[in-house]
Structures are given as C-alpha cells and as structure tokens.
Amino acid sequence: MNTEKLKLQVQQRAMDAPNKVPHVLVFPFPGQSHINAMLKLAQLLCLGGLRVTFLNTQHNHDRILRFNDVHSSLSRWPGLSFRAISDGLPAEHPRSLDRFLDIFDSLKANTKQLFREMLISGRSESEPVTCLIADGVMTFTIDVAQEVGIPIIVCRTASACSFWSNLCIPRLIEEGEVPFQGDADMDGAIRLVPGMETFLRRRDLSNFLRAKEHTDRAIQLIMTEALNTCRASSLILNTFEDLEGPILSHIRSRISTIYTIGPIHALLKSKLANSLPSTSTTCTSSSSDLWKVDKTCMTWLDSQTIRKSVLFVSFGSYATVTRDEMFEFWHGLVNSGSPFLWVVRPDSVAGKGEGGHISAELEEATRERGFLVEWAPQEEILAHPAVGGFLTHSGWNSTLESIYAGVPMICWPFFGDQQINSRFVSEVWGVGLDMKDRSCDRETVEKMVRELMEGKREELHKSSDEMTEFARRCIREGGSSYCNLERLIEDIRSTSS
Ligand code: UDX
C-alpha cells in the first residue's frame, strides 16, 4: 500500500471516530532517565483527561513489571495502558553505556519497522492513536509519524542547555572548535554557543566531543538527533523558564512551539495533591524503576537527627566507576566526617583495578556513618529533611530533582549532557560545586564534601532555596509550567480532532 493511500486511511479512521477522547502514544528512549520523565508526562496527560498508551521496550517492560507493582498502580490510572515493543537486541545484551551505540542502531534497524506496523494495525482498534509523543533522541519516529499521517510532538528529557549545545555542533565543527582531544587546553573558552559565550569551556561540552575526528559515530549521533528534532513542529522539555529562559529563547529560533513543563516530577506531584480527592487518593505516580528499590535507607535517614547533615551519593543509571575509583570515593566519604547514603548499583563497578584492602577502620566508620543501597527512592531521599547535599553525576532528572528539593550538589559528570549540566549548576545557577575532570582521589573527595557540607554550606543553601522558589512558582496554577501543560493538552485535543 502506498504512503499516500495509507495516510488517507489513517486520517479517515480518525475522522470516523468523532469526539473520541484523544489517544496519545508516549514512546521514550529505553533508559531510566527517559522512562521516568516521560511516564510522568503520560500520567499528567491522563490527569488532563486524555487516553494514553506508554510504549516501553520489551526488555524494560519486563524489568518494570519485575521491580514495580504496576498492576495495582495501573488500576489507579484508568486512562493509562502499557505496551511493549522489541528493541531488537538479544536478551543477553548488557544495554550498558559502553555498548550504547548498539541500542541506537538496533532501534533504527529493527524497532522502527515494528513501530510503523504497530501504528498501522492500531488504526483498526476501537481507539486509534491520534497523537504521538516520542523521545527526541529517537527521531526515526518522526519519519514513521509522517509516513502514517499521525501528528507527532517530540520530547527531550535532557536539559535545554545540552540540547542547544548539541544544535551548535555543526558550527563548532565548521570553525574547528570540535572535536578535540586530551592535549587541548580544556579550560579554553568556547565562544560559538550563543548564550554561553562568557562561561563555556571545552571541558564543559559533551565528553563525546573529546574525539579524534568529527566523523566519530557518537558525535554524528548526538548532532543528527538534535538537528532532526527540529523537524518536529513542537517540542516538550523537562525544564522551567526561570532556570533556562535565556537558552530557551535561542532554541525557539529553531523550533517555534516549545512546552516547558518541568520539573515534571514536581508538577505531577502537585497535580496529584490538588486533584479531586477521588483521584488523589487512588492515583499515585506509578514508579518505573529498572532495579529493585531498597526503602530500608528511609528508616536510617529518619534516625539522622541533624537537619541537612547527610550527603546523598548517586551516579544515575548508566555511569560506572572502576574498583579503584570506588575505593577512593569510599575513603573520601568516610574521611569527610559527614553521614552518607550511597547508591551502588549492582552494575556500577566495572573495569580494572583491585580496589584495596577493606580495613577494620573503614568498615567501622561505614557502619557508624554510612548506608549503602543498590537502588534508592531518590525523590523521597532528596525531599528528606536530614539530607543536606547530593554528590551526583549531573544526570538531568537528578539535577532537577535536587534543585526542586533545594539540595546543593557536588557534580562529578560522566557523559553526554552531564558535563554541561554541571557547568550550569556551579557557574550559572550557583547551586553546587563542579568536580568535573578532578582526579578521583580520597583527598579531593573529602575536600569537596567538606566544602559542600561546611565551607560553602550557607551560600549554596541560600541560592538553592531561591531556585527552589522559582521552580515552585512555575508549577503552581498560573505558573509557566502549569500553563504550558494546559496548552499542550489543548493542542493535543485540537490536533487529534
Ligand atoms: C543519563 C543522562 O543524564 C541522560 O541525559 C541520558 O539521556 C541517559 O543517561 P541517568 O544516568 O539515568 O541519565 O540520570 P538521571 O537523568 O539523573 O535519571 C536517573 C533517574 O533515576 C532519576 O529520576 C532518579 O530519581 C532515579 N534514581 C536514580 C532512582 O530512583 N534511584 C536511584 O538509586 C538512582
């Protein structure tokens, strides 16, 4: 069947179903960060009265079923359903950071066709999909949407500043600014990213740009996906105007309709708290953890009697450290004297090195002041009164969750958007310290933790509290994120009809 005929059929079907509740299909990239943000978006759309199908890869769908009580939470979300699609990778594939290009390749080579077939066969269902919201790092979905004639809105779950810097890569390549390698002056200024001329350095750009040739596959991937995102007519971003306003104005020169609805986790919580009693008591944001959450740390946190005394440590869902780095961090945390709650994912220690001897003193001090878990209820932890600092990898969800909770950060970025996020946290927003590219030795870790929890404590808490107030204002009724969500829902209704 040719494309034009196909489009007519899909559009005819949509018209045959007048006044149907719009049916949105939400499709995130198969990573924890993306799933968390876009599932919360899906739930917000449900609260707005839309019918939503959330599409995970089969691998992650199975993990979420394994580690979350999805069925009971789904019963509380009548308008939300889950579907799964193959990512095309063998079950034993690690889907880890060092193999992340395999994921992108397989999604394009395998999942794209399955996605197309799903939408075509779906048109004969009682409630065909009338609008797509797809992840901005999977722009093959735009091709499929245009082919089958279904409107699409793109959603990027990383920061606006990282997205904008990726859009500027072609100019940076043209002017010979990137790529660069280790012998370059990493503190050298980068002046060709509009809005960042006064503070951006080489080391603050994505680590993917630390390469030999601009034809490097990771560079081509982040650049192409960013440029392709601009082919969509509208873009959803998990950020807020008071945080990234200046950067958003640059992005609006490339995509005219932008819905900033962040911090999305807080907007959902606020909506649930203010929704009808029948909804608020039944609907809770269903969790989408890819690991089993260990809540025993909450009891330990409750036992910490001094407010803002605990350092929370987590490096997100992909970053890994070597055994040697792990040991240096461990000694640094213990030597800092602060109580610490540390997430050590089962797959987070990789690579060479034997680490070191676990002395009786190290064990004793950890028993006394530390608590380790494999996966934590991070949002709850950051909201806990005993938590006063967050040693993070600067993943965007973690950054937004920490900003909203008013918890200052130490940023030790690993890859992707994390480098630029950590620069904005320290240099632009003043809500944390940048530990980027610092050697991972126990002295540095101890020094940074003492600076965060003691030396610069007052100054950082003051600026964090101010940014928290901005975030709270944006998600309140009449705030920019609140209003943008309303506008998004109305626009979905009108495109769907
Ligand atoms: C990273 C990059 O930051 C992201 O931009 C990229 O697209 C994917 O890889 P991730 O490492 O998952 O993302 O970090 P982050 O964006 O911070 O998301 C992690 C999510 O997991 C957060 O929502 C956090 O609350 C949650 N989390 C983390 C837990 O619930 N428990 C934990 O123990 C750790």
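Two strands pair if DSSP finds at least two bridges between them. That rule underlies the sheet views below, all drawn from a predicted model.

**View 1. The six-stranded sheet is open and parallel.** Its strands run in the order 10-9-8-11-12-13. Which strands stand at the edges? They are strand 10 (370–373) and strand 13 (432–434). Each has a single partner strand, so one side of each is left without a neighbour in the sheet. Neighbouring strands are turned by 15 degrees against each other on average, direction ignored.

**View 2. Strand 8 meets strand 11 within the six-stranded sheet.** Strand 8 covers residues 310–314, and strand 11 covers residues 387–392. The two pair in the parallel sense over five bridges. Look for Ser314: the residue opposite is Thr392 in strand 11. Strands of a sheet pair through backbone hydrogen bonds, in either a parallel or an antiparallel manner.

**View 3. Lys308 sits in the loop that leads from helix 13 to strand 8.** Helix 13 spans 296–302. Most residues other than glycine have a negative phi. Lys308 is not a glycine, yet its phi is positive, at about 50 degrees.

**View 4. A second open sheet holds seven strands.** The order here is 3-2-1-4-5-6-7, again with parallel pairing. Strand 3 (80–85) and strand 7 (257–260) are the edge strands, and each pairs on one side only. From one strand to the next, the twist averages 25 degrees.

**View 5. Strands 5 and 6 pair in the parallel sense.** Strand 5 holds residues 152–156 and strand 6 holds residues 234–237. Three bridges link them. How is Cys155 placed, and which residue is its bridge partner in strand 6? The partner is Ile236.

**View 6. Two cis peptide bonds precede prolines, at Pro179 and at Pro263.** Most peptide bonds are trans. The bond joining Val178 and Pro179 is cis, with omega about 0 degrees. Pro179 belongs to the loop between helix 8 (169–174) and helix 9 (217–229). The bond joining Gly262 and Pro263 is also cis, with omega about -5 degrees. Pro263 lies in the loop between strand 7 and helix 11 (264–274).

**View 7. The ligand lies between two domains.** Domain 1 (3–288 + 475–496) and domain 2 (296–472) both give residues to the shell, so the ligand lies between them. Helix 2 (32–47) and helix 17 (396–405) each supply at least two shell residues. By residue class, the shell divides into six nonpolar, 13 polar and three charged.

**View 8. Polar side-chain atoms approach oxygen atoms of the ligand at His34, Ser317 and Asp417.** There are 22 residues around the ligand. Which of them come nearest? They are His34, Ser317, Ala376, Ser398 and Glu401. A polar side-chain atom of His34 is 2.5 Å from a ligand oxygen. For Ser317, the distance from a polar side-chain atom to a ligand oxygen is 2.6 Å. An N or O atom in the side chain of Asp417 lies 2.9 Å from an oxygen atom of the ligand. These pairs count as polar contacts because the cut-off for two N or O atoms is within 3.5 Å. On its own, the ligand has 680 Å² of accessible area, and the protein covers 94% of that.

Key
Residues are numbered from 1 along each chain as its sequence is written. This is a predicted model: local features need pLDDT of at least 70, side-chain atom pairs count only at pLDDT 80 or more; totals for chains, interfaces and linings use all residues. Side-chain values use heavy atoms; hydrogens and water are left out. A residue is near a molecule or strand if one of its heavy atoms lies within 4 Å of it. A polar contact is a pair of N or O atoms within 3.5 Å; within protein, one must be able to donate a hydrogen and the other to accept it, and residues adjacent in sequence count only if both atoms are side-chain atoms. Accessible areas come from the Shrake-Rupley method with a 1.4 Å probe; for residues, only the protein chains shown count as cover. Helices (H or I, at least four residues) and strands (E, at least two) are DSSP runs, numbered from the N terminus. Ala, Val, Leu, Ile, Met, Phe, Trp, Tyr, Cys and Pro count as nonpolar, Asp, Glu, Lys and Arg as charged, and the others, Gly among them, as polar. Domain bounds come from an automatic or database domain assignment. Axes are lines fitted to C-alpha atoms, for helices over the stretch in contact, and angles run from 0 to 180 degrees between N-to-C directions.
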